[in-house]
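Me: Can we go through this model together? I'd like to start with what one of the terms means and then look at some details.

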Amino acid sequence: MVVVFFGALLARMGYFNMDKQRWLSKLNMVFFTPCLLFSNIASIISFQKLLAFWPIPVFYLIFTVMNYTSSNVFSRLVGLSPAYRRFVTACVMFSNSNSVPIAIISSLAVSDAIKTLAWTDDDTSESVAARGISYTLFFAIFGNLIRWSYGYQLLQKRNEDDTSTIHEDEEVQVNCKYHSIGNISSSSSASGQSGIINPNESTQLLAQNKQTSNTHPEEDNIVKIIAKRIHGFMSPPLYAAVVALAVGLSPLKPFLYDKQSFLYPSFTKAIESCGKAAVPLILSCLGAQLVGISQSQQPASPEMKKPVALAIVLRMIIPPFIVVPLLVLFVKYGAQWSSLAGDPVFITMMIVLGCTPTAINLVQITQVNHIFEEEMLRMLFWSYGIVCVPACTLLVFLALSVVDKLL
C-alpha cells in the first residue's frame with residue numbers, strides 16, 4: 001500500500017499520466033516481469049524438488065479446478081455476459097502467489113507464531129522463513145505458467161464481446177477504425193480506384209504465388225504455421241518461464257547460479273536486479289490508475305459492479321471453506337505419502353496460497369490489452385485496500401489454529 005501511495009502521489013503531481021502508465025506497463029511485461037519469472041523459477045526448480053514437493057502441484061491443480069468451476073457456475077447464475085465471465089474467471093483463478101504469502105511467512109517467522117510453526121526442536125526463524133518462501137515460489141511457478149498463457153488469453157478482447165457493457169479504452173476503438181480505413185484504402189489502391197482487379201495483375205499474382213510455393217517446401221510452411229500459432233498463445237513472461245524451466249532442469253543451472261561461476265555475479269545478478277523492479281512498477285502503476293479513476297468522478301455502472309463484487313467473494317470469501325478442510329484431510333491421511341503433511345509451515349502456506357487476493361499483475365495484462373482496465377483496477381482496489389487486511393488476518397489465525405491442533 002505504501003508503494004501504491006507513491007504511485008498515486010506521482011500521478012497527482014503530474015509525473016505519471018495515462019500514456020506513461022501504459023508505456024511502463026508494456027515495458028514491464030516485456031522485460032522486467034520476464035526477468036522476475038526467470039530468476040524465481042530457474043533458481044528454485046530442480047528434479048529433487050519436483051519429487052519432494054509433489055503435493056504442491058497437486059494442490060495447485062485442485063485449487064485451480066475449484067476456482068475455475070466456481071467462477072463459471074456463479075457467473076452464469078448471476079447472468080453475466082461472456083466477456084465478464086472471462087473477467088471473473090481470470091480474477092478468481094489467478095491469485096497473489098508471491099508478495100502477499102512471502103510477506104506473511106516472513107512476518108510470522110519473527111513473531112510468537114514461530115512456536116507453532118517450528119517443525120523440530122532446533123528449528124529457527126530463518127529456516128521457517130526459508131521453507132515458507134521455498135514452498136511459495138514453487139507454487140508460484142505453476143501459477144505463472146498458467147497465468148501468462150491461459151490468463152493472458154482470457155483478458156483479451158474477442159469479436160463476440162458486447163462493447164456496450166465492458167470497459168474498453170477509447171484509444172483502441174480509434175485505432176481499430178483507423179486501421180480498418182487504412183486497410184480498405186490500401187486494398188482499393190492496389191486493385192485500382194474502381195475496386196476491380198485487373199486481369200493482367202491477377203495473372204502476375206498467380207505467377208508470384210506459384211513461384212513462392214516452389215521456393216518454399218510444404219514442410220517449411222507447416223512449421224511456420226505451427227510456430228505462429230504457438231507464438232500467438234505465448235507472451236514474453238511465458239517465454240521466460242519456459243526458458244527458466246529448461247535452465248533449471250538442465251546442466252546449465254550451475255553456470256548461472258553457482259556463486260563461483262563467472263556468469264553469476266554478472267549475467268544472473270543483472271537479471272535478478274531487473275526482476276526486483278517488476279512488482280514496485282506494477283504497484284506504482286496501480287496507484288496512478290486509482291488516481292485516474294477518482295479524478296474521473298464516474299461511479300461504476302451496475303454492469304461493472306456485479307462482476308467485481310462476485311470476483312471478490314469467489315476469490316477471498318468462499319475459498320477458506322474449501323481449502324481448510326482439504327488441508328485438514330491431508331494432515332490426517334497424507335503422512336504416509338509425503339513428509340510435508342507434518343510440516344506446520346507447509347500446511348499454513350497452502351491455506352494462505354489458496355485464499356490470497358487476485359494477482360496484482362493482471363492489471364498489467366489489461367493495460368496492455370486495453371480492455372477490462374477499469375474493472376480490474378476497482379477489483380484490486382477493493383481486494384487490497386478494503387478486504388485484504390481483515391480477511392488475511394483471520395485466515396492466518398485460522399491456519400495457525402489448524403496447525404496448533406493437528407500437529
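Reply: Gladly; buried means under 20% relative accessible area, exposed means over 50%, and partly exposed lies in between. Please keep in mind that this is a predicted model.

Me: Okay, is H370 buried or exposed, then?
Reply: H370 has a relative accessibility of 11%, so with the limit for buried at under 20% it counts as buried. H370 sits in the loop between α19 and α20, and its phi is positive, near 60 degrees, although H370 is not a glycine.

Me: Which other residue in that loop should I look at?
Reply: F372 is also placed in the loop between α19 and α20, and, without being a glycine, it has a positive phi of about 65 degrees. F372 is buried, with a relative accessible area of 0%.

Me: And how do α19 and α20 pack?
Reply: Helix α19 (residues 362-369) and helix α20 (residues 373-406) have axes that come within 9 Å and cross at roughly 165 degrees. Angles over 145 degrees count as roughly antiparallel, so that is how α19 and α20 are described, and their crossing is left-handed.

Me: What about α6 and α8?
Reply: Helix α6 (residues 99-109) packs against helix α8 (residues 125-154) at about 165 degrees, with the axes 9 Å apart, and the two are therefore roughly antiparallel. Here α6 passes α8 in a right-handed crossing.

Me: New topic: which residues make up the nonpolar surface patch?
Reply: The patch is formed by V2, F5, F6, L9, L10, M13 and Y15, which together have about 740 Å² of accessible area. Among them, L9 belongs to helix α1 (residues 2-12) and is partly exposed, at 36% relative accessible area.

Technical notes. Residues are numbered from 1 along each chain as its sequence is written. This is a predicted model: local features need pLDDT of at least 70, side-chain atom pairs count only at pLDDT 80 or more; totals for chains, interfaces and linings use all residues. Side-chain values use heavy atoms; hydrogens and water are left out. Patches are made of residues with over 30% relative accessible area and no salt bridge: like charges are joined within 9 Å, nonpolar side chains (Val, Leu, Ile, Met, Phe, Trp, Tyr) within 5 Å. Accessible areas come from the Shrake-Rupley method with a 1.4 Å probe; for residues, only the protein chains shown count as cover. A salt bridge is a side-chain nitrogen of Lys or Arg within 4 Å of a carboxyl oxygen of Asp or Glu. Helices (H or I, at least four residues) and strands (E, at least two) are DSSP runs, numbered from the N terminus. Buried means under 20% relative accessible area, exposed over 50%, partly exposed in between (1.4 Å probe, protein chains only). Axes are lines fitted to C-alpha atoms, for helices over the stretch in contact, and angles run from 0 to 180 degrees between N-to-C directions. Angles under 35 degrees count as roughly parallel, over 145 as roughly antiparallel, 65 to 115 as roughly perpendicular and the rest as oblique. A crossing is left-handed if the near helix is turned anticlockwise from the far one by less than a right angle, and right-handed if clockwise.
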